[in-house]
Every structure is written in structure tokens, then in C-alpha cells.
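Thank you all for coming. I would like to take a few minutes to walk through the open and enclosed spaces of a structure, and then the contact between its chains.

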Amino acid sequence: MRTRDLTGDTAEVVRTPTTERSPVRQATKMQVNDLAVWYGETQALHGVSMDVLENEVTALIGPSGCGKSTFLRCLNRMNDLIQDVRIEGEVTFDGDNIYAPHVDVVELRAHIGMVFQKPNPFPKSIYENIAYAPKILGQVRKRTDMDELVEHSLKRAGLWDEVKDRLQAPGLTLSGGQQQRLCIARAIAVNPSVLLMDEPCSALDPVATATVEQLIDELKDNYTIVIVTHNLQQAARVAGYTAFFHLGEIVEFSDTDSLFTHPREKKTEDYITGRYG
Amino acid sequence: MTDRISLTPSRHLKKRYRAEKRFKACCIGALVLAMAFLVLFFTDMIRQGYSAFYETQIRAEVTYNEDTVEFAMDSVSEEVFPLVSRAFFRGVPRQVENNPDLMDTTQTQWLTAKADVDQYLKGHSESLDPEMKASLEQLQADGDVGYGFNTGLFFSGDSKIPSNAGLWSAFVGTFYLMLVVLAISFPIGVATAIYLEEFAPDNRFTQAIEININNLAAVPSILFGLLGLAIFINFFGVPRSSALAGGLTLSLMTLPVIIISTRAALKAVPQNIRQGAQAVGASRWQAVRDHVLPLALPGILTGTIIGIAQAIGETAPLLLIGMIAYIPDAPGNLTDAATVLPAQIFTWAGMPERAYVSLTAAGILVLLSLLIVLNATAVILRNRFERRW
């Protein structure tokens, strides 16, 4: 009973971000309703609800093991790949439940892109890294169109000037920061509407991190971005909204400024001031 | 006040060093012992086998005419006749048939000597018929006895005449056998491994399959021979002694090796490559085909080569399906009776004539060289293309 009360309670409180920032309500891109996830016997998420606003950067913060990565990976059904996972609840994307039986995961993932914690370019050329997905999805057929798309994607990811002379070089010859931007370019090449980022800067040095953060800021005009980060300053810098996860629940979800300056919950305050976690 | 810290080793540390030295000495000792056995084996094989790579030849006038085609023993002089390999006389009519210009001519040729003579001159046997000895000494005095490379060792089939026995039929048999093993166990093995590793759910059933595959790799090979005999030959009616029957049987042995090594190679491809591909909208199969397989390929090929090399060296299962037999002619297709290199060695090892001892050793050297080449290819492939993560 206790859990049910708790989840019901928090769900009411944080289902949409509390905001003092703008009175205008933005469109909701994705909506998560009462999402619960089990890995075998262990429950990782306890009935979480949350709205993801369009063309905004939403950051998910919280201590390790709090369920923020699990939550993120539910948004493009990446968790389906894990054995013994059980997912309950509803996640909508433009109003459609992505866990409905008629939804095809492969189709879904073409619309909701993902960038991983560790840069994972394909062991192919830079060009092939970008061109792969549009090719298999049948989005681009002509060679000239593909050249254009590769150039455009690399430019959007701020990598074009660095690699334009060596597009045929293996993607793995790039530095860590470049590889991560290549992965971002790869993700946006298929023109998804949502971009999920799972600690995209945790393997990067401060300079590369700054570049990626700047990139995120530019991308939000065209994409809805959800980013998991351990770096609180990063959340404060890039995100319009921030959700604080703790033990598989959302403790607080509001616009970033108020979350960091006037946290309503004691736990949030403890976490962001470094007393906890 | 306080004692100065001494940086010279304490008694305890010295003891540790001694233990370390003992351990190192043990390891080196084991290595030296293993190397010694290897060197001993190789020197013995080379010592016994090298003489089979060259042969004694006798220079003689060979007369070709209608009589000698009929009675080939008349084609050389009476003194030379007992010294020359009988295989030459058998070949006279065919020589003339292939080259009609030879008819009614007399040619000076180097002829392969009889095995007795060969062994006598190589010092492997002391005894030789006194008459033959006399004519041999006469020929030697005239400079009509020489040595040449034993092409027959590689280019003629098995023979009951030792000076004519060679590995050709075994080579061809081994080649056919390899083809069959490769054609069957590579696609089936790789496909099985891909399914088990990439698609199959992890449940009791797949675990049972996995355990069985691992056990299969450890089953004594003679049992595969029994299985091959019962299933392929008796049930499906595949011709006995054929490369097809042997290849099918050995495929059963090679399959688990290929499955296990392919699974290991697939497992070594990091998970985030699969996730990256699927996150951009690739299906599971596309992710495997386009990204996982190319990375795993060197490992898969290495495993396959090692599996094939194992199959090439296998003898026991072939006993039961009739491939260890006297096969003088190279098989022309997959269903002809065939033999393979290790089987040929086994056959020769059981022959009574002295000449077969060096032939056996030479066969072992050839088989070993083939296996070394194959395994070296596997190592080179692995080193050149393996990607470390």
C-alpha cells in the first residue's frame, strides 16, 4: 500500500514540470505514465510519470542506480534488448503508446535517436558511419544526396571542418570527443525528432565536453533532447528542465533554474549541494 | 630515536625472492622439456624421412620397339633389368602410347632404381643379391648411378612397389575431404553460432544445447566414425570409402569446434556496437550482418582453419568408413574411393618392406608441414585483423 500511495502521490506532484519560467505551455513530445521496470526480481523504476516537452532539453540527474538510465532507455525501447526485463506503464510519442503491440521497435528507433555513454562509432569509415542508417532505412538512395546528407549531418554536429578531408578514414581513428560528435551526427542523420543522450560527456575531457554541450544547445531548436548526466553543472548549463531521480522515482521535476536555486524537496537540496549521493 | 629504515632486502624478502626463483626455474624447466621432446620428434622424423625425398637412379639405354612394348623387361640390358623398379617396365607401353615418336628408338634415360637397391645404397640395408651387387658396382664405376628428387613421392599414388609409392592419391583425397568438411561445417556452424549467440533466448533449452555442443567437441573421434557408418553409409547409402562419406563424418567433428570459436568471436564484439546499430534503426539481423559479423570474421576464420586442420589429421573415424585402405588411384570425384594423408601414413607404417619406413616418416613430415602452414595462416589472420577493445 505504501508504495502505491507514494507513487500515486509523486505522480500527481511531478507529472508535469513545475515552472516559474514561462507561463506559456509548450507542446508535450513524449509522455510517460506510471512506468515501472523490473530486471528479474529487482524493480528499477516504481511507477514514474513525466512529460517531455518539445524542443527542450530535459536533464535527468540523480545518484548511480537511481533508474535514470533505465528511464531513458525505455523511451526508445532499448531495454527490450535486455533479458528478463519487465516493463509496465505507458510511454507515448506524439500521442501513440510506443509499447502498443502494433508499434515496431525498429521503426520507433529511427524516430528516437540515441547517443551512448561511451562513443561507439561503427568500425567503418566516417562517411559510412553517417550513411549507414539512412541507407538501410531507405531514406536516401542517390549517391549525391548521400554526400549532401553526410556533409549536412557532420556540419550540424560541428565535426565537418575537422574531418572533411578524411571522410574515408576509419571512425575509430578520431579522438574521443570527435567520436562522440560523430555518434551525434550519426544519430541526427536519419532526422529523428527526439534525441536521447546517456551521459554523452562522461568519457570526454573538458574541452570536448564544452563542444558537445554547445552542440546540444544548438540542436534543441530542431530536436527534443533528453540527457542523463552525472554532472550537475552540465545539467544546469544545457537543460531547460531537470528531473531528479532517486531510488527509481522522480523526486522533483521542474525547470532547471528553480530546481537548482530553490529545490522544493529536501532530498533534491541534499543531492545538489553534495550532502548526499 | 627511530631506527633508520634499511633498504637492503630483509630476510623475509630474500625468502620471497628465492621462492620466486624456484617457481621461475620450474616453468623454464617445463618449457625446456617440452621443447626437447619436440626437437627429438622432429629430428627423428627428419632423420628417418629425408632419404625418401630423393631416389637412386640408374642410367640405361632404353630400347622402344614392338617387342619391348609387349615384353618391357627386354627394353634394357640384362644387367640393368634386375636393378630397375618394376614400375618403369609397367609404364613402357603407356610411354609409347603417349609419345609414338619413341617407337623404334633407343633413348638414354635415368631410371628409378628398385627399392632394394635404393635402400642398399642409402645404407638402410646390408643385404643385396650378389649378382645385383656386382652389376651395381659395375654401373657405379661407369658413373651410371645417381640420385634425383623423388617426384613420385608427391605425384604418384600409393603402390605395392615401394619405389613407386607416393602421396598423390592421399593429397587428392584430403583435398576433397576438406572441401566437403568446409562446405558443410562452415555454413552450418556459423549459422548455428549466430543464432545461439545473437538471437536465441537464454533458457533451459538453449543452455542444454550449449552443453551438448561443448560435450560434442570432447567425444572420442572413433564414435563419430561409428555414427558416420550407421547414418551416412548404412542409412543414406553414401558410397563406402568415399571422400563424401569421410567429409560428412568429419564435419560432425568440426562443427562443434567452429560453433564454439564463432560464438567466442561474436562474444568478443562489444555490446555497444550492436546497441549503436539498433539505436539508429537497424534491425537485429542488420546489426549482426553489417557490424558484428565483419568484426568477428577473423576469429571465425581462425576457428574454422583450426577445425579443418584437426579434421585433416584425423584417422580414427575413417577406419570405420573404409578410408584407410589401399587406394592407388586418385579419386576423380566425391564418391570415388579415396584415402587421406594420415590414413596413407597409417597404411605405410604397416608395410613390411624397409623402404616404407622412410616413406612413412616422409609422409609424416609432409602432413606436419601442411598443418603448420594451416595453423600459421590462422595465427597470421588473427594477428593481422584482430581488433582489440
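What follows goes through the pockets, then the cavities, and ends with the interface.

Please keep in mind that this is a predicted model.

Let me begin with the largest pocket, which holds about 750 Å³ of space and has a lining of 28 residues, those nearest its centre being B:Ala87, B:Phe88, B:Gly91, B:Ser156 and B:Asn164. Which element gives the most to that lining? It is H3(B), with eight residues, and among the other elements that supply at least two residues are strand E2 (105-112) and helix H6 (152-155) of chain B. As for the character of the lining of this largest pocket, 14 of its residues are polar, nine are nonpolar and five are charged.

The second largest pocket holds about 610 Å³, and of the 23 residues that line it, the closest to its centre are A:Gln83 together with B:Glu197, B:Glu198, B:Ala200 and B:Arg284. The elements giving two or more residues to the lining of this second pocket are helices of chain B, namely H7 (168-199), H8 (204-216), H10 (243-267), H11 (271-279) and H12 (284-312). Its lining divides into 10 nonpolar, eight charged and five polar residues.

Turning to enclosed space, a search of the whole structure finds two cavities of 30 Å³ or more. The largest cavity has about 130 Å³ of space, and 16 residues line it, with B:Asp118, B:Lys122, B:Asn150, B:Pro162 and B:Ser163 closest to the centre. In chain B, strand E1 (54-64), helix H4 (115-121) and helix H15 (355-385) each supply at least two residues of the lining of that cavity, and the lining as a whole comprises seven polar, six nonpolar and three charged residues.

Finally, the interface, where 24 residues of chain A are in contact with 21 residues of chain B. The two chains, A and B, bury about 1,800 Å² between them, and 59% of that area is on carbon and sulfur atoms. How many salt bridges are counted between chain A and chain B? The count is zero, while four residue pairs are in polar contact between the two chains, with both residues at pLDDT 80 or more. On the side of chain A that touches chain B, helix H3 (105-111), strand E6 (112-115) and helix H4 (126-136) of chain A each supply at least two residues, and the residues of that side divide into 16 nonpolar, five charged and three polar.

Note on methods:
Residues are numbered from 1 along each chain as its sequence is written. Chains are lettered from A and ligands numbered from 1 in the order in which they are written. This is a predicted model: local features need pLDDT of at least 70, side-chain atom pairs count only at pLDDT 80 or more; totals for chains, interfaces and linings use all residues. Side-chain values use heavy atoms; hydrogens and water are left out. On a 1 Å grid over the protein atoms alone, a cavity is a set of points where a 1.4 Å probe fits but cannot get out, and a pocket is an open set with protein on both sides within 12 Å along at least five of seven lines; lining residues have an atom within 4 Å of a point. Grid points are joined across faces, edges and corners, and a volume is the space filled by probe spheres set on the points. Helices (H or I, at least four residues) and strands (E, at least two) are DSSP runs, numbered from the N terminus. Ala, Val, Leu, Ile, Met, Phe, Trp, Tyr, Cys and Pro count as nonpolar, Asp, Glu, Lys and Arg as charged, and the others, Gly among them, as polar. Contact means heavy atoms within 4.5 Å. Buried area is the accessible area (1.4 Å probe) that two parts lose on being put together, summed over both. A salt bridge is a side-chain nitrogen of Lys or Arg within 4 Å of a carboxyl oxygen of Asp or Glu. A polar contact is a pair of N or O atoms within 3.5 Å; within protein, one must be able to donate a hydrogen and the other to accept it, and residues adjacent in sequence count only if both atoms are side-chain atoms.
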